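Here is a short report for a reader new to this chain. Look at the sequence and the model first, then read on.

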Amino acid sequence: MSGIRALQKEKTRRQLIDAALGQLSSERSFSSLSLREVAKEAGLAPTSFYRHFGDMDELGLTLVDEAGLTLRQLMRQARQRIAKGGSVIQISVLTFMEFIESNGNIFRLLLRERSGTSAAFRAAVNREIRYFTLELCDYLQQANKLDAEVAYLQANAAVTIVFSAGSDALDCDKKDLEELALRTIKQLRFIARGAFEFGLRSEVRIEARRKVKGELK
């Protein structure tokens, strides 16, 4: 019986999460939702809410965590697609745009709470973005043989551009979305080329230092 109760509890918790996400839109932010609205949308009594979340802030932080995890999982899937062949940047951007099209409310949550009034929410969103950036940094370091600093700078710049493009994508029609994707791909290629050149120059400088040290011995 305990297993059945645990499954039911998780199902109800999922209903509350989905109900909150379902009410988000370009006109409605999470801060405008009430506990009663979320419970009603989930088909539950308001008192049932407290069996799963202490308050709306706890639900909101759960949504932020889930949004960040969803985004990281999506980009891991993109890297699996890349492994089968194709442009790393193109596949990553197109995968991200597909995510925006089908999960607009999740991305809106990250964008809004990143600059919202709640310090706890801002910290949670920034933490998720940092996880996303570090994961991309690790990938770039291994795939492109970059040193840690250059890989992080490229990852940080790429995430900034992609999140900005994601914000614009929320209000784009199909034609504009295609143009936005192409523009974002070009911007990321500029950054990748710069990182590559910077990495080469760093290697040259390191090699030059080694040579000088060798000659001074």
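Start with one proline. Pro46 is partly exposed, because its relative accessible area is 27%, which lies between the cut-offs of 20% and 50%. The model that gives this value is predicted. Pro46 sits in helix α3, which covers residues 46–49. Beyond its neighbours up to four places away in sequence, Pro46 touches Leu35, Arg36 and Ala39. Phe99 is far along the chain from Pro46: 53 residues separate them in sequence. In space, their C-alpha atoms are 32 Å apart.

**The whole chain**

What is the secondary structure of the chain? It comes to nine helices and zero strands. Read from the N terminus, the elements run α-α-α-α-α-α-α-α-α.

The chain has 217 residues, and a compact globule of that length would have a radius of gyration near 17 Å. The chain has 22 Å instead. Along the principal axes, its C-alpha atoms fill a box of roughly 80 × 45 × 35 Å.

How much of the chain is buried? The share is 39% of the 217 residues. The chain exposes about 12,900 Å². Carbon and sulfur atoms supply 53% of that area.

Contacts reach across the sequence. Among those with a separation of 6 or more, 60% join residues 24 or more positions apart. Charges come as 34 positive and 28 negative. The mean positions of the two sets are 4 Å apart.

**The nonpolar core**

In soluble globular proteins, nonpolar side chains tend to be buried together. In this chain, the largest nonpolar core has 57 residues. Those with the most contacts inside it are Phe30, Val38, Met56, Leu59, Leu63, Leu71 and Met97. Eight elements are listed below; each gives two or more residues to this core.

| Element | Residues |
|---|---|
| α1 | 2–23 |
| α2 | 35–41 |
| α4 | 56–83 |
| α5 | 88–102 |
| α6 | 104–114 |
| α7 | 119–143 |
| α8 | 148–169 |
| α9 | 174–216 |

Take Met97, one of the core residues named above. Leaving aside neighbours within four places in sequence, Met97 is in contact with Ala165, Ala169, Leu177, Leu180, Ala181 and Thr184.

**Two residues of helix α9**

Thr184 lies in helix α9. Is Thr184 buried or exposed? Thr184 counts as buried, because its relative accessibility is 3%, and the cut-off for buried is under 20%. Beyond four places in sequence, Thr184 touches Val93, Met97, Ile161, Val162 and Ala165.

Ile191 is also placed in helix α9. Which residues does Ile191 touch, not counting those up to four places away in sequence? They are Gln154, Ala157, Ala158 and Ile161. Take Ala158: Ile191 is 33 residues from it in sequence. The C-alpha atoms of this pair are 7.4 Å apart in space. Ile161 is thus a shared partner, touching both Thr184 and Ile191.

**A loop residue with positive phi**

Where is Lys145 found? It is in the loop between α7 and α8. Lys145 counts as exposed, because its relative accessibility is 67%, and the cut-off for exposed is over 50%. Most residues other than glycine have a negative phi. Phi of Lys145 is near 55 degrees, a positive value.

Terms used:
Residues are numbered from 1 along each chain as its sequence is written. This is a predicted model: local features need pLDDT of at least 70, side-chain atom pairs count only at pLDDT 80 or more; totals for chains, interfaces and linings use all residues. Side-chain values use heavy atoms; hydrogens and water are left out. Helices (H or I, at least four residues) and strands (E, at least two) are DSSP runs, numbered from the N terminus. The radius of gyration is taken over C-alpha atoms; the globule rule is 2.2 Å times the number of residues to the power 0.38. Buried means under 20% relative accessible area, exposed over 50%, partly exposed in between (1.4 Å probe, protein chains only). Contact means heavy atoms within 4.5 Å. Accessible areas come from the Shrake-Rupley method with a 1.4 Å probe; for residues, only the protein chains shown count as cover. Lys and Arg count as positive and Asp and Glu as negative; His and the chain ends are not counted. The place of a charge is taken as NZ of Lys, CZ of Arg, CG of Asp or CD of Glu. A nonpolar core is a set of buried Ala, Val, Leu, Ile, Met, Phe, Trp, Tyr and Cys residues joined through side-chain atoms within 4.5 Å.
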